[in-house]
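Trainee: Please take one part of this model, the place where two helices pack, and go through it closely. Put it in the setting of the whole chain, and then add the single residues that deserve a look.

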Amino acid sequence: MRIVLQRAKEARVKVEGNIVGEIDHGLVLLVGFTDGDDEDDLRYLAEKVVHLRIFEDEEGKMNRSLLDVEGSILSVSQFTLYGDCRKGRRPNFMAAARPEEATVLYDRFNQLLREHGVRVETGVFGAMMQVELINDGPVTILLESKPK
(Lines give C-alpha, C1' and ligand atoms only; values in the text may rest on other atoms or scores of the structure.)
Protein backbone atom coordinates (compact mmCIF):
# COMPACT_ATOMS: atom_id res chain seq x y z
CA MET A 1 0.00 0.00 0.00
CA ARG A 2 1.25 3.45 -0.93
CA ILE A 3 0.13 6.92 0.01
CA VAL A 4 1.21 10.30 -1.26
CA LEU A 5 0.30 12.60 1.62
CA GLN A 6 0.06 16.36 1.16
CA ARG A 7 -0.60 18.92 3.85
CA ALA A 8 -3.34 21.22 2.56
CA LYS A 9 -4.88 24.56 3.49
CA GLU A 10 -7.93 23.50 1.46
CA ALA A 11 -8.76 20.86 -1.11
CA ARG A 12 -11.60 19.46 -3.16
CA VAL A 13 -12.23 16.69 -5.65
CA LYS A 14 -14.64 16.95 -8.56
CA VAL A 15 -16.30 14.35 -10.75
CA GLU A 16 -17.94 15.59 -13.95
CA GLY A 17 -17.63 19.16 -12.67
CA ASN A 18 -19.40 18.45 -9.36
CA ILE A 19 -17.62 18.66 -6.00
CA VAL A 20 -17.87 15.24 -4.34
CA GLY A 21 -15.44 15.85 -1.46
CA GLU A 22 -14.00 18.98 0.13
CA ILE A 23 -11.94 19.93 3.21
CA ASP A 24 -10.75 23.20 4.74
CA HIS A 25 -7.42 22.20 6.31
CA GLY A 26 -5.76 18.88 6.80
CA LEU A 27 -4.38 16.22 4.52
CA VAL A 28 -4.90 15.09 0.95
CA LEU A 29 -4.15 11.40 0.55
CA LEU A 30 -3.58 9.75 -2.81
CA VAL A 31 -4.00 6.08 -1.94
CA GLY A 32 -2.90 3.05 -3.98
CA PHE A 33 -3.07 -0.68 -3.32
CA THR A 34 -1.14 -3.69 -4.56
CA ASP A 35 -1.78 -7.44 -4.47
CA GLY A 36 -1.40 -8.83 -0.97
CA ASP A 37 -2.39 -5.68 0.90
CA ASP A 38 -4.47 -6.61 3.93
CA GLU A 39 -6.00 -5.35 7.17
CA ASP A 40 -2.56 -5.01 8.80
CA ASP A 41 -1.41 -2.65 6.03
CA LEU A 42 -4.59 -0.59 6.33
CA ARG A 43 -4.34 -0.30 10.11
CA TYR A 44 -0.63 0.52 10.03
CA LEU A 45 -1.05 3.38 7.58
CA ALA A 46 -4.29 4.73 9.09
CA GLU A 47 -2.48 4.96 12.42
CA LYS A 48 0.58 6.53 10.78
CA VAL A 49 -1.46 9.15 8.89
CA VAL A 50 -3.46 10.48 11.84
CA HIS A 51 -0.47 10.57 14.23
CA LEU A 52 2.23 11.81 11.83
CA ARG A 53 3.60 15.04 13.28
CA ILE A 54 3.76 17.31 10.23
CA PHE A 55 1.81 20.36 11.42
CA GLU A 56 3.64 23.25 13.05
CA ASP A 57 3.47 24.16 16.72
CA GLU A 58 3.81 27.70 18.13
CA GLU A 59 7.55 27.64 17.42
CA GLY A 60 7.12 26.63 13.78
CA LYS A 61 8.36 23.07 14.32
CA MET A 62 6.54 20.07 12.91
CA ASN A 63 5.29 18.72 16.23
CA ARG A 64 1.54 18.41 15.75
CA SER A 65 -0.51 15.64 14.22
CA LEU A 66 -3.72 15.81 12.23
CA LEU A 67 -5.56 14.93 15.45
CA ASP A 68 -3.82 17.76 17.32
CA VAL A 69 -4.88 20.39 14.77
CA GLU A 70 -8.36 18.87 14.29
CA GLY A 71 -7.82 18.62 10.55
CA SER A 72 -9.74 16.64 7.96
CA ILE A 73 -8.71 14.20 5.23
CA LEU A 74 -9.50 14.18 1.54
CA SER A 75 -8.81 10.60 0.44
CA VAL A 76 -8.52 9.86 -3.28
CA SER A 77 -7.97 6.40 -4.77
CA GLN A 78 -4.92 6.37 -7.04
CA PHE A 79 -3.94 3.10 -8.75
CA THR A 80 -1.26 4.93 -10.75
CA LEU A 81 0.96 4.96 -7.64
CA TYR A 82 1.86 1.43 -8.71
CA GLY A 83 2.87 2.41 -12.24
CA ASP A 84 6.20 0.87 -13.18
CA CYS A 85 8.08 3.08 -15.63
CA ARG A 86 11.38 1.21 -15.74
CA LYS A 87 10.78 -0.23 -19.22
CA GLY A 88 9.51 1.60 -22.26
CA ARG A 89 7.59 4.85 -22.26
CA ARG A 90 4.22 3.78 -20.94
CA PRO A 91 3.69 2.82 -17.28
CA ASN A 92 2.87 -0.79 -16.50
CA PHE A 93 0.15 -1.07 -13.84
CA MET A 94 0.34 -4.83 -13.26
CA ALA A 95 1.39 -4.31 -9.61
CA ALA A 96 -1.79 -2.35 -8.82
CA ALA A 97 -4.52 -4.31 -7.06
CA ARG A 98 -7.49 -5.25 -9.22
CA PRO A 99 -10.40 -2.79 -8.89
CA GLU A 100 -12.73 -5.24 -7.14
CA GLU A 101 -10.08 -5.84 -4.45
CA ALA A 102 -8.86 -2.23 -4.25
CA THR A 103 -12.34 -0.76 -3.74
CA VAL A 104 -12.87 -2.94 -0.65
CA LEU A 105 -9.45 -1.97 0.73
CA TYR A 106 -10.07 1.72 0.01
CA ASP A 107 -13.44 1.73 1.76
CA ARG A 108 -12.01 -0.10 4.77
CA PHE A 109 -9.01 2.26 4.97
CA ASN A 110 -11.30 5.29 5.03
CA GLN A 111 -13.43 3.63 7.72
CA LEU A 112 -10.31 3.08 9.86
CA LEU A 113 -9.38 6.76 9.50
CA ARG A 114 -12.89 7.74 10.62
CA GLU A 115 -12.60 5.45 13.65
CA HIS A 116 -9.82 7.80 14.85
CA GLY A 117 -12.41 10.57 14.96
CA VAL A 118 -11.24 12.26 11.76
CA ARG A 119 -13.62 13.72 9.18
CA VAL A 120 -12.85 11.96 5.89
CA GLU A 121 -14.08 13.14 2.51
CA THR A 122 -13.46 11.00 -0.57
CA GLY A 123 -13.44 10.98 -4.30
CA VAL A 124 -15.34 8.37 -6.32
CA PHE A 125 -13.44 5.11 -6.74
CA GLY A 126 -12.64 4.44 -10.40
CA ALA A 127 -14.01 7.77 -11.66
CA MET A 128 -12.10 10.39 -13.64
CA MET A 129 -11.48 13.01 -10.96
CA GLN A 130 -10.01 16.49 -10.77
CA VAL A 131 -8.24 17.24 -7.49
CA GLU A 132 -7.66 20.84 -6.46
CA LEU A 133 -5.58 21.79 -3.45
CA ILE A 134 -3.60 24.55 -1.88
CA ASN A 135 -0.55 22.69 -0.62
CA ASP A 136 0.52 24.01 2.78
CA GLY A 137 4.29 24.36 3.01
CA PRO A 138 4.48 22.61 0.64
CA VAL A 139 4.67 19.38 2.61
CA THR A 140 4.48 16.16 0.61
CA ILE A 141 5.41 12.76 2.05
CA LEU A 142 5.45 9.24 0.63
CA LEU A 143 4.22 6.47 2.92
CA GLU A 144 4.31 2.72 2.36
CA SER A 145 3.00 -0.12 4.42
CA LYS A 146 5.45 -2.43 6.15
CA PRO A 147 7.36 -4.80 3.89
CA LYS A 148 5.94 -8.30 3.88
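Mentor: Contact, as used below, means heavy atoms within 4.5 Å. By that criterion, among contacts in the protein chain between residues at least 6 apart in sequence, 73% join residues at least 24 apart. This is a predicted model, in which local features need pLDDT of at least 70 and side-chain atom pairs count only at pLDDT 80 or more, while totals for chains, interfaces and linings use all residues. Residues are numbered from 1 along each chain as its sequence is written, and side-chain values use heavy atoms, with hydrogens and water left out.

The chain comes before the helix pair. The protein chain has three helices and eight strands (DSSP runs numbered from the N terminus: H or I of at least four residues for helices, E of at least two for strands). Along the sequence these elements follow the pattern β-β-β-α-β-β-α-β-α-β-β. The radius of gyration, taken over C-alpha atoms, is 15 Å, close to the 15 Å that the globule rule (2.2 Å times the number of residues to the power 0.38) gives for 148 residues, so the protein chain is as compact as a globular protein of that length. Its C-alpha trace spans about 45 × 40 × 30 Å along the principal axes. Of the 148 residues, 42% are buried (under 20% relative accessible area with a 1.4 Å probe, protein chains only; over 50% is exposed, and partly exposed lies in between).

Now the helix pair itself. Helix α1 covers residues 39-51 and helix α3 residues 99-115; they pack at an angle of about 40 degrees, with their axes 9 Å apart. The axes are lines fitted to C-alpha atoms, for helices over the stretch in contact, and the angles run from 0 to 180 degrees between N-to-C directions. α1 and α3 are therefore oblique to each other (under 35 degrees is roughly parallel, over 145 roughly antiparallel, 65 to 115 roughly perpendicular, the rest oblique). The crossing of α1 past α3 is right-handed (the near helix is turned clockwise from the far one by less than a right angle; anticlockwise is left-handed). On the α1 side the contact is made by Glu39, Leu42, Arg43, Leu45, Ala46, Val49 and Val50, and on the α3 side by Leu105, Arg108, Phe109, Leu112 and Leu113. By class, this contact has nine nonpolar, no polar and three charged residues (Ala, Val, Leu, Ile, Met, Phe, Trp, Tyr, Cys and Pro are nonpolar; Asp, Glu, Lys and Arg are charged; the others, Gly among them, are polar).

Two buried strand residues come next. Gly32 sits in strand β3, residues 26-32, and is buried at a relative accessible area of 0%. Its C-alpha is 8.0 Å from that of Ala102, 70 residues away in sequence. Beyond residues up to four places away in sequence, Gly32 touches Met1, Arg2, Asp37, Gln78, Leu81 and Tyr82. Ser75 belongs to strand β6 and is likewise buried, with a relative accessible area of 0%. With residues up to four places away again left out, Ser75 touches Leu29, Val31, Tyr106, Asn110, Val120, Glu121, Thr122 and Gly123.

The loops supply some other cases. Phe93 lies in the loop between β6 (72-77) and α3 and is partly exposed, at 30% relative accessible area. Leaving aside neighbours within four places in sequence, Phe93 contacts Phe79, Thr80, Tyr82 and Gly83. Phe93 and Arg43 are 50 residues apart along the chain, and their C-alpha atoms are separated by 24 Å. Glu16, in the loop between β1 (2-15) and β2 (18-23), is exposed, with a relative accessible area of 74%. The C-alpha atoms of Glu16 and Met129 are 7.6 Å apart, across 113 residues of chain.

Backbone geometry closes the list. Phi of Glu16 is near 50 degrees, a positive value in a residue other than glycine. Glu70, also not a glycine, has a positive phi of about 55 degrees. Glu70 is in the loop between α2 (66-69) and β6 and counts as exposed at 69% relative accessibility. The peptide bond from Gly137 to Pro138 is cis, with omega near -5 degrees, and Pro138 falls in strand β8, residues 129-144.
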